[in-house]
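Colleague: I would like a close look at one part of this model. Please set that part against the rest of the chain in one connected account.

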Amino acid sequence: MERFTEEVIGIIQHIPPGKVMTYGQIGQLAGHPRGARQVVRILHSSSKKYNLPWHRVINAKGEIGLKQEGLASQQIFLLESEGINITEHGKVDLEVYRHHPEVPEG
């Protein structure tokens with residue numbers, strides 16, 4: 001497994017309930033500031049295998065990135081069940097709910 005993929009999986013596994021991160025934020029923390037699309041690919045291919053909390057990853061606008069109605073509804077349900085408020089326009093307030101993991105210095 002590539003180092004970037006390992007980093008992405010580790011970051012996603014540590015997003016706590018009631019918090020979200022963006023695809024781009026995860027990519028940047030994993031070492032690729034422009035790696036948002038790669039994060040999407042990793043989520044798509046690895047969520048079940050690594051039991052990732054995929055529902056806690058949203059786009060940079062605070063929106064649900066999924067376009068499939070069933071999956072988008074499931075993501076909204078899971079986020080709301082963790083206490084995250086979703087606006088009527090399907091947005092999450094990133095100022096309130098964004099997770100900022102501590103990055104080790106070095």
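Is Gly35 buried or exposed, and what is its relative accessible area?

Modeller: Gly35 is buried, with a relative accessible area of 1%; buried means under 20%, exposed over 50%, and partly exposed in between, with a 1.4 Å probe and protein chains only. The model is a predicted one, in which local features need pLDDT of at least 70 and side-chain atom pairs count only at pLDDT 80 or more, while totals for chains, interfaces and linings use all residues. Residues are numbered from 1 along each chain as its sequence is written, and side-chain values use heavy atoms, without hydrogens and water.

Gly35 sits in the loop that joins H2 to H3. From Gly35 to Thr22 is 13 residues in sequence and 11 Å in space, C-alpha to C-alpha. The helix after that loop, H3, covers residues 36-46. Helices (DSSP runs of H or I, at least four residues) and strands (runs of E, at least two) are numbered from the N terminus.

Val39, Ile42, Leu43 and Ser46 are the buried residues in H3. Their arc around the axis is only 100 degrees, so they are on the same side of H3; the arc is that of the directions from the helix axis to the C-beta atoms. Arg37 and His44, on the other side of H3, are exposed. The cover over the buried residues of H3 includes H1, H2 and E2.

Past H3, the loop leading to E2 holds Ser47. Ser47 counts as buried because its relative accessibility is 11%. Neighbours within four places in sequence aside, Ser47 touches Ile42, Leu52 and Trp54, where contact means heavy atoms within 4.5 Å. Ile42 is itself one of the buried residues of H3.

H1, part of the cover over H3, spans residues 3-13 and has Phe4, Thr5, Val8, Ile9, Ile11 and Ile12 buried. These cover an arc of only 165 degrees around the axis, which puts them on the same side of H1. Strand E1 (21-22), helix H2 (23-29), H3 and strand E2 (57-58) are among what covers them. Gln13 also belongs to H1, but Gln13 is partly exposed, at 40% relative accessible area. Apart from neighbours within four places in sequence, Gln13 has contacts with Tyr50, Leu52 and Pro53. Leu52 is thus a contact of Gln13 and of Ser47. Gln13 and Arg56 are 43 residues apart along the chain, with 9.8 Å between their C-alpha atoms.

As for the whole chain, there are 5 helices and 2 strands, in the order α-β-α-α-β-α-α from the N terminus. Of the 106 residues, 39% are buried. Among contacts between residues at least 6 apart in sequence, 61% join residues at least 24 apart. The radius of gyration is 13 Å, which agrees with the value near 13 Å for a compact globule of 106 residues; this radius is taken over C-alpha atoms, and the globule rule is 2.2 Å times the number of residues to the power 0.38. The C-alpha trace spans about 40 × 25 × 20 Å along its principal axes. Carbon and sulfur atoms hold 50% of an accessible surface of about 7000 Å², computed by the Shrake-Rupley method with a 1.4 Å probe.
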